[in-house]
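This briefing is meant for a reader who is meeting the structure for the first time. Please look over the sequence and the model before turning to the points below.

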Amino acid sequence: RVTDLVGNEALGAPSQFVFSGPGELGMPEITMLKAAPSKFCRVKTRRCTKRVQTYLKIRVTKPSRVVFRVLTASKRKYVLRWTRKLPVGTTQVRMLGSMSGRTMPAGWLIVQAVAEDYARNFSAPVEAKFKTLTRNGQF
């Protein structure tokens, strides 16, 4: 029987040292999530020549892996997802109109973020709205 320093059973060599026990109370939290600017072109074309990206300002309380999911605002239909490892504090994450080989649909969308720390504790999901455009006149 193999155990780690805290006494948890381990089935193999641990890939990363976990600074928590089974009854840890410090959960990761996302205290801020904001898309700035909230409107941007989904692809750069002749009709839509302005910015094709936005920045997500996010603040986390523990170093964690954050899963971002993009949903449509009206029916909350899944569009795409990606992950980033973020340190403690405020970070800016760049979001393009086309990510992971998929172009986002035009219209109002929601980005949802969930943080997961090394002990596999999850935060509550936090959301921010943004709009992808097809023409300059929609700004």
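What follows covers the disulfide, an open sheet and one loop residue.

The model is predicted, and the points are therefore best read as a description of that model. The structure holds one disulfide, and it also has an open sheet of three strands.

**The disulfide**
- Cysteine 41 is joined to cysteine 48 by a disulfide, with an S to S distance of 1.8 Å.
- The link of cysteine 41 and cysteine 48 is left-handed, with -80° about the S-S bond.
- Cysteine 41 has a relative accessible area of 0% and is therefore buried, since buried means under 20%.
- Cysteine 48 likewise counts as buried, because its relative accessibility is 0%.

**The open sheet**
- The three strands of the open sheet follow the order S1-S3-S6, and their pairing is antiparallel.
- Strand S1 (30-36) and strand S6 (89-96) are the edge strands, each of which pairs on one side only.
- From one strand to the next, the twist averages 20°.
- S1 and strand S3 (residues 53-60) run antiparallel and are joined by six bridges.
- Alanine 35 has leucine 56, in S3, as its bridge partner.

**A loop residue**
- Serine 123 lies in the loop that runs between strand S9 (107-116) and strand S10 (126-133).
- Serine 123 counts as buried because its relative accessibility is 8%.
- When neighbours within four places in sequence are left aside, serine 123 is in contact with Pro28, Glu29, Ile30, Val114 and Ala115.

Note on methods. Residues numbered from 1 in each chain as written. Predicted model: local features only at pLDDT ≥ 70, side-chain atom pairs only at ≥ 80, totals over all residues. Heavy atoms only, no water. Disulfide = S-S within 2.5 Å. Buried < 20%, exposed > 50% of the residue type's maximum accessible area, 1.4 Å probe, protein only. Helix = DSSP H or I, 4+ residues; strand = E, 2+ residues; numbered from the N terminus. Contact = heavy atoms within 4.5 Å. Pairing = 2+ DSSP bridges. Axes fitted to C-alpha atoms, helices over the stretch in contact; angles between N-to-C directions.
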